[in-house]
Amino acid sequence: QEARCREQACALLRSSCEILRLPIAPTVTALTFMLRFYAKHSYAVHSPEFVVPAALYVASKLEEVPRRISDIVNVVHRV
């Protein structure tokens, strides 16, 4: 079940990155942040709907391709 949840969370992140038109560097960084977070925490306790936007926001800031938090939240919510 963890593997299925991981696949769904990764698909959500990839779809959101495509809609936000993020380059590959922040996409991979966000994916790394998310997977490292879920290495220590459970998908059942922490919903990807909250973790994915946080990972995207931090990664976009880190890679200097900033997106507004409202844009990120709206895209993740619609996907």
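Me: Which residues line the largest pocket?
Reply: In this predicted model, the largest pocket is lined by Leu 12, Glu 49, Phe 50, Pro 53, Val 73, Val 76, His 77 and Val 79.

Me: Which elements give two or more residues to that lining?
Reply: Two or more lining residues come from helix 3 (48–62), and two or more also come from helix 4 (69–78).

Me: How much space lies in the largest pocket, and what is the lining like by class?
Reply: The largest pocket holds about 160 Å³ of space. Its lining consists of six nonpolar residues, one polar residue and one charged residue.

Me: Turning to the largest nonpolar core, which residues touch the most other members?
Reply: Leu 13, Met 34, Val 52 and Leu 56 do, in a core of 21 residues.

Me: Which helices each supply at least two residues of this core?
Reply: Helix 1, helix 2 (24–40), helix 3 and helix 4 each do so. Helix 1 provides the largest share, with seven residues. As general background, nonpolar side chains in soluble globular proteins tend to be buried together.

Me: What does Met 34 touch, leaving aside residues up to four places away in sequence?
Reply: With those neighbours set aside, Met 34 is in contact with Ala 9, Cys 10, Leu 13, Val 51, Val 52 and Ala 55.

Me: Cys 10 appears there; is it buried or exposed?
Reply: Cys 10 counts as buried because its relative accessibility is 11%, and the cut-off for buried is under 20%.

Me: And how many disulfides does a search of the whole structure find?
Reply: The search of the whole structure returns zero disulfides. Cys 5, for instance, takes part in none, and the nearest cysteine sulfur to its own, that of Cys 10, lies 11 Å away.

Me: Why is the sulfur of Cys 10 not in a bond with the one in Cys 17?
Reply: The sulfur of Cys 17 is the closest cysteine sulfur to that of Cys 10, but the two are 11 Å apart and therefore too far for a bond. A disulfide would require the sulfur atoms to be within 2.5 Å.

Me: What about Cys 5, buried or exposed?
Reply: Cys 5 is buried, since its relative accessible area is 18%.

Me: A different topic: where is Gln 8 placed, and how accessible is it?
Reply: Gln 8 belongs to helix 1 (residues 2–20). With a relative accessible area of 47%, Gln 8 is partly exposed, because the range for that class runs between 20% and 50%.

Me: How far apart are Gln 8 and Pro 48?
Reply: In sequence, Gln 8 and Pro 48 are separated by 40 residues. In space, the C-alpha to C-alpha distance between Gln 8 and Pro 48 is 8.6 Å.

Definitions and conventions: Residues numbered from 1 in each chain as written. Predicted model: local features only at pLDDT ≥ 70, side-chain atom pairs only at ≥ 80, totals over all residues. Heavy atoms only, no water. 1 Å grid on protein atoms, 1.4 Å probe; cavity = no way out; pocket = protein on both sides within 12 Å on 5 of 7 lines; lining within 4 Å. Points joined across faces, edges and corners; volume = space filled by probe spheres on them. Helix = DSSP H or I, 4+ residues; strand = E, 2+ residues; numbered from the N terminus. Nonpolar A, V, L, I, M, F, W, Y, C, P; charged D, E, K, R; others polar. Buried < 20%, exposed > 50% of the residue type's maximum accessible area, 1.4 Å probe, protein only. Core = buried A, V, L, I, M, F, W, Y, C linked by side-chain atoms within 4.5 Å. Contact = heavy atoms within 4.5 Å.
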